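Below is a short briefing on strand pairing in one protein chain. Please keep the sequence and the model in view while reading.

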Amino acid sequence: MRRPFKAVKVSEHVHWVGAIDWGLRDFHGYSTERGSTYNAYLVLADKPTLIDTVKAPFADELLARVASVIDPASIEYIVSNHAEMDHSGSLPRVIEAVRPKKVFASTVGARVLAEHLDLGLEVQPVKDGERISLGNMELQALEARMLHWPDSMFTHLAADRVLFSSDTFGMHLASTERFVDELTGWRYQAAKYFANILLPYAALVPKQLAKLEPAGLGIDIIAPDHGPVWRHDRHEILGLYAAWAEQKPTMKAVVFYGTMWQSTAAMARAIVEGLVAGGATAKLFPMDSSHRSDIVTELLDAGALLVGSPTLNNNMLPSVADVMTYLKGLKPKNLVGTAFGSYGWSGEAVGQLRDILAEMKVEPAGEGIKVKHVPGQEDLERCFNLGLQVAEKLKEVAVGV
Ligand code: FEO
């Protein structure tokens, strides 16, 4: 049976030929509750060219979408903007089906692809700024090192003013719509993607954005490797990336906690009341019903991080340690914060949390609070006052206060 998958036209010479993964729920610890897409693009030039491929199990979907436009065997070039397996996993199968004349990748990408896959051919490396002639049009390579892998590369098709941006500007969002302007509710998904994928490399984002500005590099469409394509909203996402990269502190606090018998939960709620009374806003995450990837998303535009855990067997709760490990790797910056929690007899968790916050360069806002067993009225007042104290600290550092 002919597979029913169709390509979607993106611009005069470009079609989306990717795959939709409706069932993806986890991407390396990042909860992808709305699934994802693996985007690949077909450029109808004199030398028909495929930009990126898809995750291995979706190779047939990609080939069927290509076949809805041209015979896949007529593809002459494949450009791999990124070697991670969600974009290259099907490359061996696609090469076998298409028999392209050349496969291109960045200089690092050519090596990384060879380290991942048996392609049966030499990948041709392209340098930053180098142009690949497709006959009647050109693709220009723009290295995007560490956004988010060393091999990452953008390519620009001047003829259609399309930027193929690899993972950058992506979203994990499965949908039947192919363009951002056909969707609502995308902002949270775009922020979640930035926070969970690009945050450790945020300092590189302004440099990459500056690279896109030179005269001549016109961009009407941004075509990322995940989620919908940007056309009317392209300036908005460029602005959002510039802002997220800065992580300017605001009067918003993120509070998360684990709890065993609701003592640390009661402390967290009292702290939040204090934060609000002090003029801050707060997002509270109980770890029995929250996900680490939503916490880091909320930190993107926050100014404070407060973490609570009781002590269990001389340690913090595993659910809290999980988030701290995740946050340490993602390196959020420009935060003040502290720790709190109840304990029974040894009470190490608060100190352990303070140590990790210090490692993360979170500026201490108070010593934090430990409460034995169940917080009484006086303890809850101390928690409320801690919230007030953090709000005061935020007033010193937050922008626009
Ligand atoms: Fe979507 Fe870095 O892979």
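Strand β10, residues 102-106, is mostly covered, with four of its five residues buried. The model is a predicted one. The points below take the neighbours of β10 and then a separate topic, an open sheet of five strands.

**β10 and its partners**

- Strand β9 (residues 77-80) runs parallel to β10, and four bridges join the two.
- Within this pairing, Ile78 has Val103 in β10 as its bridge partner.
- β10 also pairs with strand β11 (residues 124-126), in the parallel sense and over three bridges.
- In that pairing, Ser106 stands opposite Val126 in β11.
- Between β10 and β11 the chain passes through helix α4 (residues 107-116), and this β-α-β crossover is right-handed.

**Side chains in strands**

- In a regular strand, side chains alternate between the two faces of the sheet.

**The five-stranded open sheet**

- The strand order is β12-β13-β14-β15-β16, and the pairing is mixed.
- β12 (131-133) and β16 (221-223) are the edge strands, each pairing on one side only.
- From one strand to the next, the twist averages 25°.

**The β15-β16 pairing**

- Strand β15 covers residues 162-164 and pairs with β16 in the parallel sense.
- Three bridges make up this pairing.
- Phe164 stands opposite Ala223, which lies in the edge strand β16.

Methods. Residues numbered from 1 in each chain as written. Predicted model: local features only at pLDDT ≥ 70, side-chain atom pairs only at ≥ 80, totals over all residues. Heavy atoms only, no water. Pairing = 2+ DSSP bridges. Axes fitted to C-alpha atoms, helices over the stretch in contact; angles between N-to-C directions. Buried < 20%, exposed > 50% of the residue type's maximum accessible area, 1.4 Å probe, protein only. Right-handed = clockwise from strand over helix to strand, strands pointing away.
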